[in-house]
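Trainee: I have not looked at this structure before, and I would like to learn how each description of it is justified. Could we go through it together, step by step?

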Amino acid sequence: MTIRHEERPVLTPHNLDETELLGLFRRMALLREFEERTAEQYARGRIWGFCHLYTGQEAVAVGAVSALTREDYVVTAYRDHGQAIAKGIDPKRVMAELFGKRTGTSLGRGGSMHLFDREVNFMGGYAIVGGHLPIATGLALAVQYREEDRIVATFFGDGAVAEGAFHESLNLAQLWQLPVVFVLENNLYGMGTAVERASATRDFHPRAEAYGIPGEAVDGMDVLAVREAVTRARDRALDGKGPSFLEMKTYRFRPHSMSDPGRYRTRGEVDIWRQRDPLRTFPERLIEEEVATREQIDVILGEVEEEVRECIAFAEESPHPEPADLMRFVWAADEPEGEDGP
Amino acid sequence: MSMREITYRDALNEALHEEMARDPSVLVLGEEVALYEGAYKVTRGLLARFGERRVKDTPIAEEVIAGSAIGAAMGGLRPVAEMMTWNFAILAFDQIINHAAKIRYMFGGRVKLPLVIRGPQGGGKQLAAQHSQSVETWLAHCPGLKVVCPSSPADAKGLLVTAIRDDDPVMFLEHEILYNAKGNVPEGEIAVPFGQAAIVHQGSDVTIITYSLMTLKALKAAEELERDGIHAEVIDLRTLVPLDMEAVLASVRKTNRALVVQEGWPVCGMASEIAARIQEDAFDDLDAPVRRLTGKPVPMPYNRILEAQAVPQVPDIVAEVRRLAA
């Protein structure tokens, strides 16, 4: 691995003030709390289907999206709660979608794997491994064609790298110099299969270089390292220099999905990664470097607990979609007007 | 409206030229579409007129051709993606079936996908098993895709114009054999609406329901049958999704006999679907069971005698109608 621990950036060069640094912590804490409570609600039978939690990978979504503007597009896979909330979707509407309610981001039609919000340019969670990468490439084509001042950031897991769609997308993105940042979240497992059991190589960013795309490994447990790498990649894209590829070395603390007993890795391995839990290391740094006090951190933790409680209450109280609306939205002629939500 | 005779290929080409000139958000992408002007020359002249920005050669990578069209449509464009043939589009079926057809629904109607995927399909040129398939049934089966199968130059143009203007993903299936077929096409802008079948031959004894190349064969069969005093009505469906069952049922209620003809394989085909709907909605009007005449359930052979045997021919249609009318 080529994680640059020794180059771990200190806080000050990021030009982030105290509020912004605490903001990053707050967003990560919100994602963590959201996922932990989601797991409870799943166990209580209020959330169904496949549900993939983001716990452990918070630094990637929060760091990456903090380097983007509201106008920038995000396209991601099915482990999408983190990117969706980081991108600015109201977490109430995310929870409502998990509950299948009509106030959800996708009016209860999508569920956990298919969050969407055009208002914040979150262009969807997709559940065919690698299938969204051609779509992200096409969005970047639209941005380039329309000469818009924004980029596309697309997130995917290490499993997607084996798909043909991945290779077709990287090749075309570089060929056409499209403004897209490929953010690989290498959490070391494609479902229950370790990277070394599925991939001929351990590192993936050299594959991007094979297409002429600059690729680099980033410490995905360090929100500031992620933010800095995405900032650079975004600048490149905006300068018309084409795509970049960032391999975030990260880890999920929970199993692949709520239906995975997680027997393919040891407790010890999880514990080692938990030492690098961004929800632990980042606030420690903030305190150590006197950006924040323990009290401030605790206040934030209390606030996000309350916020997620409100999300659950909102989701519980929201109505189910109307049975009469089953067939709506298959065709463009069916407009969502009259439904709840924005 | 003044008419002139042009080929199916040129009619498609005119539609692309006119729509690209009319709407700056329309772009064309695919294998060989720009410099080479299309494997079948449907995109002739587009690069010279509209430039590299709007007419884009792609790698041989069907998944990202279809997927980037989907993404471009979500980003505000109206892409027309060419598949060199629909046989190759099978490589892009993840994008077409899992993505294009479902995105609007699974995201609660919050996004539209105005895109066209077009290209040739069908047999008849001795291209053997991997280049001769008919895929319309696979596409029509999946909710969320519009499916268009023009049989004439006028429809090729008018339906492609409508497809480009439509806000849903449109799968536009041209027939390889028809590119050189000539027909009258009105001068100037034409848009043929979706979901309106055409009665291309009037008759009172039997209704032949068909589409694409089989329409031409059915017309020849109908002319031959006229000589025997059998008056077949030929309905060209033109679009399979949406499907104009009103026109089919109205004709069957008049003729009381129906034959559905398709080039592709029989199992769960469009012919099966239409036959089922006729018996559901016009059972009491039928004087005979609805008949299907389809391609044989076999991969397409190369040999020309075997190939001709594998798909319905004019004498087969004539024979089926005679049996039905007897």
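Mentor: Let us begin with the two chains, where 45 residues of chain B are in contact with 47 residues of chain A; please keep in mind throughout that this is a predicted model.

Trainee: What makes a residue count as being in contact here?

Mentor: The test is that heavy atoms lie within 4.5 Å, and by that test 47 residues of chain A and 45 residues of chain B take part. The area buried between chain B and chain A comes to about 3700 Å², and carbon and sulfur atoms give 64% of this area. On the side of chain B, the residues B:Tyr105, B:Phe107 and B:Arg110 supply 22% of the area that chain B buries against chain A, which is more than any other three residues.

Trainee: How many salt bridges are there between chain B and chain A?

Mentor: The count between these two chains is zero, although over all chains the same kind of search gives 50 salt bridges.

Trainee: What makes the pair of A:Glu307 and A:Arg26 a salt bridge?

Mentor: The closest N and O atoms of A:Glu307 and A:Arg26 are 3.2 Å apart, and the rule asks for a side-chain nitrogen of Lys or Arg within 4 Å of a carboxyl oxygen of Asp or Glu, so the pair qualifies. This salt bridge links distant parts of the chain, with A:Glu307 in helix α12 (residues 294-317) of chain A and A:Arg26 in helix α1 (residues 18-43) of chain A, 281 residues apart.

Trainee: Why is α3(B) called roughly parallel to α5(B)?

Mentor: The axes of helix α3 (residues 62-74) of chain B and helix α5 (residues 93-100) of chain B cross at roughly 30° and come within 7 Å. Angles under 35 degrees count as roughly parallel, and therefore α3(B) is described as roughly parallel to α5(B). In this contact, B:Glu63, B:Ala66, B:Gly67 and B:Ile70 of α3(B) meet B:Asp94, B:Gln95, B:Ile96, B:His99 and B:Ala100 of α5(B). Sorted by class, the residues in the contact of α3(B) with α5(B) are four nonpolar, three polar and two charged.

Trainee: Turning to the sheet of chain A that contains β2 and β7, what makes these two the edge strands?

Mentor: The six strands form an open sheet in the order β2-β1-β3-β4-β8-β7 (chain A), with parallel pairing, and β2 (122-125) and β7 (215-219) of chain A are its edges in that each pairs on one side only. The twist in this sheet averages 20° from one strand to the next.

Trainee: How do you know that β3(A) and β4(A) pair?

Mentor: Pairing requires at least two bridges between the strands, and strand β3 (residues 152-157) of chain A and strand β4 (residues 180-186) of chain A have six bridges, in the parallel sense, so the requirement is met. One of the partners in β4(A) is A:Val181, which is bridged to A:Ala153. Helix α9 (residues 223-238) of chain A packs on this sheet, touching β4, β7 and β8 (244-249) of chain A, and its direction makes about 170° with that of β8(A).

Trainee: What order do the strands follow in the open sheet of chain B?

Mentor: Its five strands have the order β9-β11-β10-β13-β14 (chain B), and the pairing is mixed. As an example, β9(B) and strand β11 (residues 232-236) of chain B pair in the antiparallel sense over three bridges, and B:Ile199 stands opposite B:Ile235 in β11(B).

Trainee: Which peptide bond is cis, and where is the proline found?

Mentor: The cis bond joins B:Val241 and B:Pro242, with omega about 0°, and B:Pro242 is found in the loop between β12 (239-241) and α10 (245-255) of chain B.

How values were computed:
Residues are numbered from 1 along each chain as its sequence is written. Chains are lettered from A and ligands numbered from 1 in the order in which they are written. This is a predicted model: local features need pLDDT of at least 70, side-chain atom pairs count only at pLDDT 80 or more; totals for chains, interfaces and linings use all residues. Side-chain values use heavy atoms; hydrogens and water are left out. Axes are lines fitted to C-alpha atoms, for helices over the stretch in contact, and angles run from 0 to 180 degrees between N-to-C directions. Helices (H or I, at least four residues) and strands (E, at least two) are DSSP runs, numbered from the N terminus. Angles under 35 degrees count as roughly parallel, over 145 as roughly antiparallel, 65 to 115 as roughly perpendicular and the rest as oblique. Ala, Val, Leu, Ile, Met, Phe, Trp, Tyr, Cys and Pro count as nonpolar, Asp, Glu, Lys and Arg as charged, and the others, Gly among them, as polar. Buried area is the accessible area (1.4 Å probe) that two parts lose on being put together, summed over both.
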